[in-house]
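Visitor: I am new to this structure and would like to be shown around with care. Could you set it out first, and then take my questions one at a time?

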Amino acid sequence: MNLYIDGEWISSTRSAPVINPATEEVVGQVPLATIDDLDRAVAAAVRGGRVWRDTPIADRTRILLTAAGLLASRADRVARVMTTEQGKPLAEARGEVLRVAGALRWDAEDARRAYGRIIPSAGDTVLSVRQEPIGPVAAFTPWNFPAGSPMRKMAGALAAGCSIVIKASEETPGTAVEIVRCFAEAGLPAGALNLVFGDPAEVSAHLIAKPEIRLVAFTGSIPVGKLLAAQAGAAMKPSLMELGGHAPVIVCADADPVQAARRSVAAKFANAGQVCTSPSRFLVHESLHDAFVAAFLAETAKIVVGNGLDDGVTMGPLANARRLKAMEELVADAVSRGAVVRAGGERLDRPGFFFAPAVLTGVPAGARVMVEEPFGPIAPIVSFAELGDALETANSLPYGLAAYGFTRSARTAEKLIGGFEAGILSINHCGGSVHEAPSGGVKSSGYGREGGPEGLEAYLVTKRVSHLLVD
Ligand code: NAD
């Protein structure tokens, strides 16, 4: 594995091991960039960015669509790399690769519609508004969606005509490398896309401070997001922050508890719960509580935990030892406060970071799992009597990413839609992200949107041009 700088794959003198979370074996070495490497990447992004923005839009689109096609054609191979480094079942990994190829296609096509406008004006003045690429982007992405997160940044930046230096996760580097290969083979000019790995704090502090970098894009935890946003602010740079969440699910008195439980379980334990939009606090009307819990337990019992490369496995290990420890601590804390473990909740006795999907009931409001993003396979279920109280609980945390509601009443659904403080809402199902619509948070979950026409906005700047015609 190498760094990709200025159109070349570069080796590094420093490296770190990459661990397979299903076996705890070392499966590779990730190269770590030096400060010199980073400076070369930024210089390349400046040069490559000029070439890329001056490339006719039809050629840019063709190159990006070619890269998307290459990636889709390699979905099986890339999925194996992803599962080996991150742990999710192969089918989930393959689905992610195909989805991101689709996201790249969508952004590539949408960039053709980055229209400006001509404004009627007096006499000999032509007044117009143009959309231009903001310039070189520095992006930082995590390990939970090794294809999804880097591609959102690469697709947005490149489609808008920007160059990018991206630091993908050191824990799941292989997928990012495979994606970059597709862009390189598709004919992307040297320097337009640069991939580095390294010490996260060192790389981000160095890149964000470089005057050539014009936008900071980050997906990850709220504390790190606040740190990077502050660094960007100190350098007067805009930032795009896709941060964590603690998504409430409100199951109203008129909902179908079995259907709500089935759909919740599928979403809750996807990617072993390591998803920023994962449903993570279940607030169920007291009249449905027992039926919902019974259906939830029955559905959870069908989950097959194991090595994501094996047939029939529906939930892989946690991605790293930190998440395993965090799950053990959250369950122990809830139990010490009186919660009841109805299923799972323990590390599996085998190598790998495996954790049995946990279902907890009777969880007190102050338990850590009710207030801290669990980012793992724990489902705390509590009951409520009044919808207004449930909404108040849902909105009581600083998070505001996703929220879910189940009801048969259009009136109640409207109450939920208007009442939830969240950037992404699903009613009567747990919808995933789609290319055509924006994703992003409110409150501490961040700002800016990825996907949909809004997805390109962060990567474009608006220029007002007043042109007085002279002979
Ligand atoms: P973490 O906060 O240490 O790291 C989160 C991500 O940010 C990692 O990819 C890490 O390499 C990176 N990072 C850390 N410090 C950085 C820095 N100074 N500059 C640039 N990047 C930096 O946490 P973790 O143990 O890897 O993950 C646990 C928490 O992270 C979870 O509880 C969850 O809240 C959050 N997380 C969120 C997302 C998301 O999609 N929003 C993804 C992964 C992790």
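What follows is a set of questions and answers on the ligand, some helices and a few single residues of this predicted model.

Visitor: Which residues come nearest to the ligand?
Guide: The model is a predicted one, and in it the ligand is surrounded by 22 residues. Of these 22, the residues that come nearest are Trp143, Ser204, Ser221, Arg322 and Glu373.

Visitor: How far from an oxygen atom of the ligand does a polar side-chain atom of Ser221 lie?
Guide: A polar contact is counted when two N or O atoms are within 3.5 Å of each other. The side chain of Arg322 has an N or O atom 2.7 Å from an oxygen atom of the ligand, and a polar backbone atom of Leu243 is 3.4 Å from a nitrogen atom of the ligand. For the polar side-chain atom of Ser221 and an oxygen atom of the ligand, the distance is 2.6 Å.

Visitor: What part of the area that the ligand exposes when taken alone does the protein bury?
Guide: The contacts with the ligand include the one at 2.7 Å from the side chain of Arg322. Taken alone, the ligand exposes 800 Å², and the part of that area buried by the protein is 84%.

Visitor: Which elements give two or more residues to the shell around the ligand?
Guide: The shell draws at least three residues from domain 1 (3-243 + 441-468) and at least three from domain 2 (247-427). The elements that give two or more residues to this shell are α7 (200-209), β10 (215-219), α8 (222-234) and α11 (321-336).

Visitor: How many residues of the shell around the ligand are nonpolar?
Guide: The residues of the shell divide into three kinds, with four of them charged and seven polar. The remaining kind, the nonpolar residues, numbers eleven.

Visitor: How far apart are the end C-alpha atoms of helix α5?
Guide: Helix α5 covers residues 148-160, and because each of its 13 residues is taken at 1.5 Å, the helix should span 18 Å. This helix is mostly covered, with 13 of its 13 residues buried, and Gly161, which follows α5, has a positive phi near 95°. The distance between the end C-alpha atoms of α5 agrees with the expected span, at 18 Å.

Visitor: What length does helix α1 reach from its first C-alpha to its last?
Guide: Helix α1 has 20 residues, 35-54, and its expected length at 1.5 Å a residue is 28 Å. Its buried residues include Leu38, Val42, Ala45 and Trp52. From first C-alpha to last, the helix comes close to the expected value and reaches 29 Å.

Visitor: Is Asn271 buried or exposed?
Guide: Asn271 has its place in the loop between α9 (257-269) and β13 (279-285), and its phi is positive, near 55°, in a residue other than glycine. Its side chain makes a polar contact of 3.1 Å with the side chain of Gln86, while a polar atom of that Asn271 side chain lies 3.0 Å from the backbone oxygen of Asn144. Because its relative accessible area is 3%, and buried means under 20%, Asn271 is buried.

Visitor: Is Met236 buried or exposed?
Guide: Met236 is found in the loop between α8 and β11 (239-242), and its phi is positive, about 55°, although it is not a glycine. Most residues other than glycine have a negative phi. Because the relative accessible area of Met236 is 73%, and exposed means over 50%, Met236 is exposed.

Visitor: How far apart in space are Ile222 and Ala235, C-alpha to C-alpha?
Guide: Ile222 has its place in helix α8, and because its relative accessibility is 13%, it counts as buried. Along the sequence, Ile222 and Ala235 are 13 residues apart, and from C-alpha to C-alpha their separation in space is 20 Å.

Visitor: What distance separates the C-alpha atoms of Gly345 and Ala332?
Guide: Gly345 lies in the loop between β14 (340-343) and β15 (358-361), and because its relative accessibility is 11%, Gly345 counts as buried. Gly345 and Ala332 are 13 residues apart along the chain, and their C-alpha atoms are separated by 9.0 Å.

Notes:
Residues are numbered from 1 along each chain as its sequence is written. This is a predicted model: local features need pLDDT of at least 70, side-chain atom pairs count only at pLDDT 80 or more; totals for chains, interfaces and linings use all residues. Side-chain values use heavy atoms; hydrogens and water are left out. A residue is near a molecule or strand if one of its heavy atoms lies within 4 Å of it. A polar contact is a pair of N or O atoms within 3.5 Å; within protein, one must be able to donate a hydrogen and the other to accept it, and residues adjacent in sequence count only if both atoms are side-chain atoms. Accessible areas come from the Shrake-Rupley method with a 1.4 Å probe; for residues, only the protein chains shown count as cover. Helices (H or I, at least four residues) and strands (E, at least two) are DSSP runs, numbered from the N terminus. Ala, Val, Leu, Ile, Met, Phe, Trp, Tyr, Cys and Pro count as nonpolar, Asp, Glu, Lys and Arg as charged, and the others, Gly among them, as polar. Domain bounds come from an automatic or database domain assignment. The expected span of a helix is 1.5 Å times one less than its number of residues. Buried means under 20% relative accessible area, exposed over 50%, partly exposed in between (1.4 Å probe, protein chains only).
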